[in-house]
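Reader: Could you take one part of this model and go through it closely, stating the criteria behind each term as you use it?

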Amino acid sequence: MSNALAITNLTYRKNYQTILTDVNLTITPGKVVGLLGENGAGKTTLMRLIADLAKGYRGTIAVGDATAGVQRRIAVSFSEALQGFRPTTKLSAVRDFYARVYGDFSAKKYLDLITFLQLDDDLELAKLSKGTREKFIIALTLSREATLYLLDEPFSGIDSMSRKRIISSIIKWKRPEATMIISDHYVTEIAPLLDEVVVIKDRTICAHKSSDAIRQEFGIGVEAFYESLYEGAIQHDDL
Amino acid sequence: MQFDDKVPIYYQIKNYLYHRIIAGQLAPGDKVPAVRQLAVDLTVNVNTVQRALSEMVTEQVLISKRGRGNFVTEDVTQIAALKHHLIVTYVQQFYHQVHGLELSDDEIVQELRTYIATQKGADK
Amino acid sequence: MTTFRRTVRVLWRPKWRIANWMLLAYGLLVVGNLVQTGFSEGWFRINLMNITTGVGVGLGVIAFVWLAVRTEHDWVQDTYRLLPVTNTRFYLAGVVTTVGAYLYFVVVRLLVMGLSALVSGQQSAANLNHWLRVAWTGGVREFGTVGWLGVLAFVALLVSLLIVGAWTLITLVHLLTNALSTFLPAGRQRIFKGLLAIVVVGVLVWLGKWLVQLRDWVTAAWNDAAMVSILGMFVIGVVAMMAVNVYLLKFWVEARVR
């Protein structure tokens, strides 16, 4: 099989300002990848480009063999914020929506996930706390049998119990051949989860390394590696 | 289990399993928990556990049986060798660290004896 | 890939709700008016048909605007833009559901009016007769070779096309503005948006004039060829705008970032 994700010479400009430039990234199937970078570094933009939500880029984006927008949307499961639903929508109604439009939505997996994440399907979206809402979004995203999962900052601003549950659910329900990209700007708690890390800095990808290789080569943790990249202690040439 | 983020995770998983085998929590011939189960228990990536286990299979500490999972070797000498290897590793670490404090070999042995004696006293 | 049918179903729900809210408002107006007339003029003098046809004239416009707002909202939501469906199908599903919801609203209202006409009986029949007489003496006497039904069909189609065309134009302006704000720098955006505004106003003024001309022309001599060619022109215009909309959705319009 081909790569799970192959991005070549991607450049994206908005209002004539370069957001991402010269991005090249290849990820092999089955990997859990941490996408790290400061707020505003372009993590979300990169994910939105992959998911065909952001347009007008130059370069190519291939998810598996799919390069066309609609084909990528079939292959990718993106943790969207559910803004399209009214606040009074019940979680079960959102599930029905997902089950209706996504052919790869597994009702069984959904049931397992919401049980494990202790979610009450009968509540309304507006009644959820930030952590519960994030758990629900994860449950929906993982319930699809997609080839590439994009989790956009699933851990920002939620309590540590929810975070642990989400991490466990990822380990439990990610199929071995499925690939997952998780963006975050704080990495310590998810470090053991990551096969590889990709660091975005100065509008491009400045590092892409296996996390155990980082520990072995530099004798430092993933968090320390990421920080030293931003502080300039490790130069791009050292990689 | 808490991991040290500075040391490769697969390495720490191997160590964790070594200890369990030597301590007898995983006896010769016992089935090692499934990869996914281990990953969930340790909150680490499945691929990392997979890597640790396959290295242990290569080392012949674990025996992989097709379709049935991984088992602790029944070769007791293999486990004894593993134990010895671990002991040597720890002693090596200890020795190098203390040696760096400009202690003579005799003094090192003496310090160790004293420590063991006080520990035993404290236990009683 | 999501089928067209399923896409229609998920886009239909919120629009159907809007239509129902508008029908509820209509119902409340009818009942309110009924009670008011009952108290002021006496219950026995109530003409149900007068009330059902008389109230809520503005509701059609409100429903039109509300549906337009919802339609435009859907184009730029992650929830919908992520659907694994081609942009053409997605766009058409949006149009079909908007038109469907409006049609539902109109048809239910017409049904209520029709039923109330039955209830009002004689009185209403007299009313209808009166209006027909007015129309007749007003000069609409000859319909050439087309006949009553033909003219009715023409007017209905023309009105439908105008409504659909208006929604399509709104979408076109919205999507263009969206793409301009995303990709052009602030200075040039202002120029292009200004130009866009001038063009839109120009088109609307021209369309208005043209419609007046059209009325004179058509009523002067009812003939099939003229009507068909007019409808044809409208259809081509609407389809062309739709094609541009799909193109914009596919390549230039991004969903709103949360």
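Author: What follows is a close look at helix α7 of chain A and its surroundings.

This is a predicted model, in which local features need pLDDT of at least 70 and side-chain atom pairs count only at pLDDT 80 or more, while totals for chains, interfaces and linings use all residues. Residues are numbered from 1 along each chain as its sequence is written, and chains are lettered from A, with ligands numbered from 1, in the order in which they are written.

The mean pLDDT (the predictor's confidence in each residue, from 0 to 100) of chain A is 92, with 97% of its residues at 70 or more.

Helix α7 of chain A spans residues 211-218; helices (H or I, at least four residues) and strands (E, at least two) are DSSP runs, numbered from the N terminus. Within this helix S211(A), D212(A), I214(A) and R215(A) are buried, a residue being buried if 20 or more other C-beta atoms, placed from the backbone, lie within 10 Å of its own. These four lie on the same side of α7(A), because they cover an arc of only 155 degrees around the axis, the arc being that of the directions from the helix axis to the C-beta atoms.

Their cover includes, from chain A, strands β8 (196-201) and β9 (204-210) and helix α8, together with α1 of chain B; contact requires C-beta atoms, placed from the backbone, within 7 Å. Helix α8 (residues 222-231) has the lowest confidence in chain A, at a mean of 89. After α7(A) comes G219(A), whose phi is positive, near 65 degrees.

Terms used: Buried ≥ 20, exposed ≤ 12 C-beta atoms within 10 Å, placed from the backbone. Contact = placed C-beta atoms within 7 Å.
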